[in-house]
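Me: Got a minute to look at a model with me? I'd like to start with the strands.
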Amino acid sequence: MIVTPQPQKMTVEAYLDWEPCQELRYEFVNGAVFAMTGGTLPHNDIAINLLTALRPHIRAQGCRINIAHAKVNVTPSIYRYSDLVISCDDRDRTALNAIQYPKLIIEVLSPGTEALDRGDKFKEYRSLPSLEEYVLVSSTQINVEIYRRGEERLWLYTAYQIGDIIPLESVGFEFPIALLYEEVSLEG
């Protein structure tokens with residue numbers, strides 16, 4: 001998806017009232033809103049494969065799993081959209097506006113958003129004490145990268161390629177990387 005800045009500035013309260021009435025989704029960062037425009041079919045197919053594989057396991061744990069249209073409240077002045085977010089915190093079970101205590105966030109990378117997902121978003125997400133894993137899935141090649149929270153401010157990095165089994169330690173689930181790319185025509 002491509003992120004397009006919008007000229008207007010607004011308060012968090014105004015954003016939360018305004019955004020659900022819009023045709024597009026908008027992220028909110030320190031008073032500025034950014035339109036989230038369309039993604040590609042490979043991006044969508046990968047997200048569906050992820051949701052399909054994870055949902056039964058996550059639901060059995062009593063956790064909440066959301067895709068694309070669920071906001072993550074990163075700070076009081078930042079609301080972001082991720083491709084998939086999982087929260088096992090009771091306070092998120094009845095959330096209406098946004099997930100506040102994510103355990104796992106997954107972004108499917110596309111050429112238009114990769115720099116944002118690797119840069120500002122990851123920097124912001126690292127500030128969430130509840131976040132244990134941040135996963136980046138390529139939509140142009142078979143490649144998955146996982147950042148896992150270590151001690152203090154340390155984040156451990158692991159890359160996965162063709163033939164690998166991907167462990168999502170935060171939710172106790174593993175699957176072959178091929179499952180993500182099943183019936184997906186890669187962009188690259």
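Reply: Sure. One definition before we start: two strands pair if DSSP finds at least two bridges between them. Also keep in mind that this is a predicted model.

Me: OK. What do β10 and β11 form, and how many residues lie between them?
Reply: They form a hairpin, with five residues in between. Glu 152 sits in that turn and has a positive phi of about 55°.

Me: How many bridges there, and parallel or antiparallel?
Reply: Six bridges, antiparallel. As an example, Val 144 has Tyr 160 in β11 as its bridge partner.

Me: And how many bridges join β9 to β10?
Reply: Five, and those strands run antiparallel. β9 covers residues 133–138. Leu 136 is bridged to Glu 145 in β10. β9 and β10 also form a hairpin, with five residues between them.

Me: Is β10 mostly covered or open?
Reply: Mostly covered. Five of the six residues in β10 (residues 144–149) are buried.

Me: Switching to aromatics. How many pairs?
Reply: The structure holds ten aromatic pairs. Take Phe 122 and Trp 155: their ring centres are 5.6 Å apart and the planes are at 80°, so this pair is edge-to-face. The cut-off for that label is over 60 degrees.

Me: Where do those two sit in the chain?
Reply: In distant parts, 33 residues apart. Phe 122 is in helix α3 (residues 114–125), while Trp 155 is in strand β11 (residues 155–160).

Me: Are Phe 122 and Trp 155 buried or exposed?
Reply: Both are buried.

Me: Which residues form the aromatic cluster?
Reply: Phe 122, Tyr 125, Tyr 134, Tyr 147, Trp 155 and Tyr 157 form one cluster.

Me: Which Arg lies over the face of Phe 122?
Reply: Arg 126, at 4.7 Å from the ring centre. Elsewhere, Arg 91 lies over the face of Tyr 101, at 3.7 Å from the ring centre.

Me: New topic: Glu 19. Where is it?
Reply: In the loop between α1 (12–18) and β2 (25–29).

Me: Why does Glu 19 count as buried?
Reply: Because its relative accessibility is 5%, and buried means under 20%.

Me: Which side chain makes a polar contact with the side chain of Glu 19?
Reply: Tyr 81, at 2.5 Å.

Me: What else is Glu 19 in contact with?
Reply: Leaving aside neighbours within four places in sequence, Glu 19 is in contact with Leu 24, Arg 25, Tyr 26 and Lys 71, as well as Tyr 81.

Key: Residues are numbered from 1 along each chain as its sequence is written. This is a predicted model: local features need pLDDT of at least 70, side-chain atom pairs count only at pLDDT 80 or more; totals for chains, interfaces and linings use all residues. Side-chain values use heavy atoms; hydrogens and water are left out. Rings of Phe, Tyr and Trp (its six-membered ring) pair if their centres lie within 6.5 Å; planes under 30 degrees apart count as stacked, over 60 as edge-to-face and the rest as tilted. Helices (H or I, at least four residues) and strands (E, at least two) are DSSP runs, numbered from the N terminus. Buried means under 20% relative accessible area, exposed over 50%, partly exposed in between (1.4 Å probe, protein chains only). A charge sits over a ring if NZ of Lys or CZ of Arg is within 6 Å of the ring centre and within 35 degrees of the ring normal. A polar contact is a pair of N or O atoms within 3.5 Å; within protein, one must be able to donate a hydrogen and the other to accept it, and residues adjacent in sequence count only if both atoms are side-chain atoms. Contact means heavy atoms within 4.5 Å.
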